[in-house]
Amino acid sequence: MRLSSEVGRERAGVRGKRTVRMDHQQKQHDTALRHRRELRERSTEAESLMWYMLRARRLAGLKFRRQYSIGPFIVDFACVEKRTVVELDGDYHDHIYEKDLERQRWLERNGWRIIRFSNTEVLEDVEAVAIAIKRQLLLDSPSPQPSPPK
């Protein structure tokens, strides 16, 4: 016969392992959250302009998130409903091309579509970029069926 104190110690051991795992996950989450906040605070002019066009369901009534975590990555903008990522590439992306490609492949394998624009394109004509994004997103939507003839 086992004493209740023995059962309690066994349960505490299991809880202890779960607690350690949850603490680790919480730390990872907190670190990612801090990093996303820093990215938002240090956003480029192009990112700020693009966010103005995407926020508050301004583009086709779709909700976008800024500096959004998907798996191990933080993307510039994401429309979860359409599983679409909008990335803005500055000059530094020329130096991290392989890393960007690896990241894009991971996102695509996990069901995300990536739409890329350069910072220059956004700065020169943010409305044209917004229209291009809207067109891409609406291509996913089923076209409305015409009313049957009477």
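This dialogue walks through the sheet, one helix and the charged residues of a predicted model.

Trainee: To start with the sheet, in which order do the strands lie, and how is the pairing described?

Mentor: One reads a sheet by following its strands from one edge to the other. Here four strands form an open sheet in the order β1-β2-β3-β4, with mixed pairing. The edges are β1 (65-70) and β4 (113-118), each of which pairs on one side only. Direction ignored, neighbouring strands of this sheet are turned by 45° against each other on average.

Trainee: How many bridges join β3 to β4, and do the two run parallel or antiparallel?

Mentor: Strand β3 (residues 84-89) and β4 run parallel and are joined by six bridges; one pairing to locate in the model is that of Thr84, whose bridge partner in β4 is Arg113.

Trainee: Which helix lies across β3 and β4?

Mentor: That is helix α5 (residues 126-139), which runs at about 165° to β4. Val126 belongs to this helix, and because its relative accessibility is 9%, Val126 counts as buried. Apart from neighbours within four places in sequence, Val126 is in contact with Leu49, Met50, Met53 and Glu121. Val126 and Ala46 are 80 residues apart in sequence, yet their C-alpha atoms are 8.4 Å apart in space.

Trainee: Turning to charge, how many salt bridges are there?

Mentor: A salt bridge is judged by the distance from a side-chain nitrogen of Lys or Arg to a carboxyl oxygen of Asp or Glu, with a limit of 4 Å, and by this rule the count comes to two. In one of them, Glu87 meets Arg103 with the closest N and O atoms 2.8 Å apart. Glu87 lies in strand β3 and Arg103 in helix α3 (residues 97-109), so this pair ties together parts that are 16 residues apart in sequence. Both Glu87 and Arg103 are buried.

Trainee: Which parts does the pair Asp89 and Arg116 tie together?

Mentor: The side chains of Asp89 and Arg116 meet in a salt bridge at 2.8 Å, N to O. Asp89 lies in strand β3 and Arg116 in strand β4, so the pair ties together parts that are 27 residues apart in sequence. Asp89 is buried, at a relative accessible area of 17%, whereas Arg116 is partly exposed, at 27%.

Trainee: What is the nearest side chain of opposite charge to Glu47, and how far away is it?

Mentor: It is Arg66, 7.3 Å away, and Glu47 is buried yet has no salt bridge. Glu47 lies in helix α2 (residues 45-54), and a polar atom of the Glu47 side chain lies 2.9 Å from the backbone nitrogen of Thr44. Leaving aside neighbours within four places in sequence, the contacts of Glu47 are Gln67, Asp76, Phe77 and Leu88.

Technical notes: Residues are numbered from 1 along each chain as its sequence is written. This is a predicted model: local features need pLDDT of at least 70, side-chain atom pairs count only at pLDDT 80 or more; totals for chains, interfaces and linings use all residues. Side-chain values use heavy atoms; hydrogens and water are left out. Two strands pair if DSSP finds at least two bridges between them. Axes are lines fitted to C-alpha atoms, for helices over the stretch in contact, and angles run from 0 to 180 degrees between N-to-C directions. Contact means heavy atoms within 4.5 Å. Buried means under 20% relative accessible area, exposed over 50%, partly exposed in between (1.4 Å probe, protein chains only). Lys and Arg count as positive and Asp and Glu as negative; His and the chain ends are not counted. A polar contact is a pair of N or O atoms within 3.5 Å; within protein, one must be able to donate a hydrogen and the other to accept it, and residues adjacent in sequence count only if both atoms are side-chain atoms.
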